[in-house]
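Welcome! Please take a moment with the sequence and the 3D view below, and then we can walk through them together.

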Amino acid sequence: MKSKSRATMLPKPGIYYLPWEVSTGQVPDGDTLRTYGRLHSYDMTQSRVTLTAQHGSDQHRILVCTKLVEPFQAQMGSLYTVLGELEHQRDGGSMVKARVLTCVEGMNLPLLEQAIREQRMYQQERDSSQ
């Protein structure tokens, strides 16, 4: 009988989604995802942060549960990436349960967005050729 390797027990790595895709409900419930935004607010009592991102003229908000990553040094206005699972809420909104929340202030956002688009194109090409 073959024993399971440790790798099969690890959670999924998470697909990169743009913040406006997360906030507009384009991510299925329970999916592991990666996204980013500026730290807008932090409520320590509820273990919750709000990340924001500008896309065109729209401001998008992403709620993040921080119970698994506390304590962390909140730097208001700084850019953060988050890795976690998306949970849809009863009120129609959604929240990312963070496994990793990292300050990445200084990262080049247009370059990150371009990398996400390039990665998607590569995946589509690879999937269609199989």
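## The chain at a glance

Reading from the N terminus, the elements follow the order β-α-β-β-β-β-β-α. That gives two helices and six strands in the chain. Please keep in mind as you read that this is a predicted model.

The C-alpha atoms fit in a box of roughly 45 × 40 × 30 Å, taken along the principal axes. The chain has 130 residues, and 35% of them count as buried. For contacts between residues at least 6 apart in sequence, 51% join residues at least 24 apart.

## The largest pocket

Let us turn to the open space in the model. The largest pocket holds about 170 Å³. Two elements each give two or more residues to its lining: strand 1, residues 15-16, and helix 2, residues 109-129. Helix 2 gives the most, with four residues.

Which residues line the largest pocket? They are Pro13, Gly14, Ile15 and Tyr16, together with Ile116, Gln119, Arg120 and Gln123. By type, the lining splits into four nonpolar residues, three polar ones and one charged one.

## His60 in strand 4

Next, find His60, which sits in strand 4. Is His60 buried or exposed? His60 is buried, because its relative accessible area is 12%, and the cut-off for buried is under 20%.

The side chain of His60 makes a polar contact of 2.8 Å with the side chain of Ser23. Setting aside residues up to four places away in sequence, His60 touches Ser23 along with Trp20, Thr24, Leu51, Thr52, Ala53 and His55.

## Thr66, in a loop

Further along is Thr66, in the loop between strand 4 (58-65) and strand 5 (79-88). Thr66 has 0% relative accessibility, so this loop residue counts as buried.

What is Thr66 in contact with, leaving aside neighbours within four places in sequence? Its partners are Tyr42, Ser47, Arg48, Val49, Phe72 and Leu101.

## Two cysteines and no bond

How many disulfides does the count come to? The count is zero. Cys65 takes part in no disulfide, and the nearest cysteine sulfur to its own belongs to Cys103, 19 Å away. Why is there no bond for Cys103? The closest cysteine sulfur to that of Cys103 is the one in Cys65, and 19 Å is too far for a bond, since a disulfide needs the sulfur atoms within 2.5 Å.

Their surroundings can be described too. Cys65 counts as buried because its relative accessibility is 9%. Cys103, at 29% relative accessibility, counts as partly exposed.

## Val100 in strand 6

Our last stop is Val100, which lies in strand 6, residues 94-103. Val100 has 37% relative accessibility and so counts as partly exposed, as that value falls between the 20% and 50% cut-offs.

Beyond its neighbours within four places in sequence, Val100 is in contact with Val69, Thr81, Val82 and Leu83. You can also compare the position of Val100 with that of Pro19: the two are 81 residues apart in sequence, and their C-alpha atoms are 16 Å apart in space.

Terms used
Residues numbered from 1 in each chain as written. Predicted model: local features only at pLDDT ≥ 70, side-chain atom pairs only at ≥ 80, totals over all residues. Heavy atoms only, no water. 1 Å grid on protein atoms, 1.4 Å probe; cavity = no way out; pocket = protein on both sides within 12 Å on 5 of 7 lines; lining within 4 Å. Points joined across faces, edges and corners; volume = space filled by probe spheres on them. Nonpolar A, V, L, I, M, F, W, Y, C, P; charged D, E, K, R; others polar. Buried < 20%, exposed > 50% of the residue type's maximum accessible area, 1.4 Å probe, protein only. Contact = heavy atoms within 4.5 Å. Polar contact = N/O pair within 3.5 Å; in protein donor to acceptor, adjacent residues only side chain to side chain.
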